[in-house]
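Student: Could you take me through one part of this structure slowly? I would like to look closely at the place where the two chains meet, and at what lies around it.

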Amino acid sequence: MADKIVPVAEKRLVDVKLGELGSWLGTRDFTPNGILASIRKGHDRYYNKYINVRKGGIGGVAMLLAGYVALSYVWEFEHLKHDRWRKYH
Amino acid sequence: MMLNFFDQFMSPVLLGIPLIALALLLPWILFPNPAARWINNRLITLQGWSISQATHQLFTPLNQGGHKWATLLISLMIFLISLNLLGLLPYTFTPTTQLSLNMAFAVPLWLATVIVGLRNQPTIALGHLLPEGTPLPLIPVLIIIETISLFIRPLALGVRLTANLTAGHLLIQLIATAVFVLLPLMPTVAILTASVLFLLTLLEVAVAMIQAYVFILLLSLYLQENV
């Protein structure tokens with residue numbers, strides 16, 4: 001059975017085809033309120049899936065911290081790249 | 001080429017945003033609010049239990065007036081503990097290594113305890129400047145000494161936190177560099193040094209938590225004298 005035809009604007013990012021990416025981005029709300037709303041929604045999705053569960057474990061927080069370490073590495077890369085072949089640290 | 005060891009304490013900037021901004025926001029995300037439920041999930045329950053244990057332990061010695069400060073001091077303690085512990089992760093930035101931040105916490109809070117004491121019970125607050133039972137000829141000298149020690153308290157609070165964390169991070173970096181350099185040359189010595197590094201990391205975790213606790217404990221003591 002064929003899938004229902006859904007307008008591009010209402011699709012979630014995982015369903016958008018590569019060719020439609022440009023038009024999908026055009027329909028997104030990039031105002032400060034919109035960005036705050038998307039951050040809040042992303043946070044709620046992560047929180048409700050991994051942390052706000054009856055018997056949560058270390059995994060939810062550990063993923064968050066690993067992401068923080070990765071983000072710090074990216075943030076400091078300009079600084080760290082000098083360490084590679086430095087003779088005296 | 002300048003020495004690199006102190007560069008870890010400079011806040012790097014990406015797209016104009018310093019990393020310290022992200023590092024200061026992260027503790028807010030890590031401690032979620034309890035939901036309006038009768039029984040929360042396991043993590044929130046654990047968080048609430050440990051916070052109430054800490055509050056009980058810190059605030060039992062204080063009288064009713066001091067309990068008004070509980071929210072402020074406990075939230076500050078959670079903030080400092082999380083900042084210190086997050087700084088031990090690789091590549092992260094520790095805001096509490098900056099003296100400016102620690103003085104910004106220490107001076108206003110210390111000043112608030114002094115002013116509260118002077119407003120509500122000025123005689124008792126000034127009386128703290130002279131310990132009981134001092135011999136008569138020593139009184140003038142002791143008042144000067146006690147005043148100096150009173151004014152040095154915010155400086156000590158801020159510098160204690162900064163120095164402990166900065167020294168810990170520097171030691172970790174130095175010993176880790178030593179292990180890296182020694183590994184191709186003398187593997188046995190490198191393994192010994194690596195075990196020192198492991199023990200040092202455990203110490204740093206402890207220091208991170210203890211320093212935050214000491215900060216708050218001292219503030220609560222200063223509050224106890226004055227409230």
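Tutor: Happily! Let us begin with chain A, where UniProt places the feature "transmembrane region", from an unreviewed entry, at residues 56-75; such positions are given in the numbering used here, feature names are shortened, and annotations may be inferred rather than shown by experiment. Before going on, please note that this is a predicted model, in which local features need pLDDT of at least 70 and side-chain atom pairs count only at pLDDT 80 or more, while totals for chains, interfaces and linings use all residues. Residues are numbered from 1 along each chain as its sequence is written, chains are lettered from A and ligands numbered from 1 in the order in which they are written, and side-chain values use heavy atoms, with hydrogens and water left out.

Back to residues 56-75 of chain A: the span is 90% helix and 0% strand, and its end C-alpha atoms lie 30 Å apart. Helices (H or I, at least four residues) and strands (E, at least two) are DSSP runs, numbered from the N terminus.

Now for the meeting of the chains. Chain A brings 24 residues to the contact and chain B brings 31 residues, where contact means heavy atoms within 4.5 Å. About 2,500 Å² is buried between chain A and chain B, and carbon and sulfur atoms give 69% of that area. Buried area is the accessible area (1.4 Å probe) that two parts lose on being put together, summed over both. Between the two chains the count of salt bridges is zero; a salt bridge is a side-chain nitrogen of Lys or Arg within 4 Å of a carboxyl oxygen of Asp or Glu. One residue pair is in polar contact across the interface of chain A and chain B, both residues being at pLDDT 80 or more. A polar contact is a pair of N or O atoms within 3.5 Å; within protein, one must be able to donate a hydrogen and the other to accept it, and residues adjacent in sequence count only if both atoms are side-chain atoms.

Which parts of chain A touch chain B? Helix 2 (32-51), helix 3 (58-75) and helix 4 (77-80) of chain A each supply at least two residues of that side. The largest share, nine residues, comes from helix 3 of chain A. By class, the side of chain A that touches chain B has twelve nonpolar, seven polar and five charged residues. Here Ala, Val, Leu, Ile, Met, Phe, Trp, Tyr, Cys and Pro count as nonpolar, Asp, Glu, Lys and Arg as charged, and the others, Gly among them, as polar.

Let us zoom in on A:Y73, which lies in helix 3 of chain A. Leaving aside neighbours within four places in sequence, A:Y73 is in contact with A:L80 and B:Y91. A:Y73 counts as partly exposed because its relative accessibility is 33%; buried means under 20% relative accessible area, exposed over 50%, and partly exposed in between (1.4 Å probe, protein chains only).

Its partner B:Y91 lies in the loop between helix 4 (70-86) and helix 5 of chain B. B:Y91 has a phi near 65°, a positive value in a residue other than glycine. With 41% relative accessibility, B:Y91 also counts as partly exposed.
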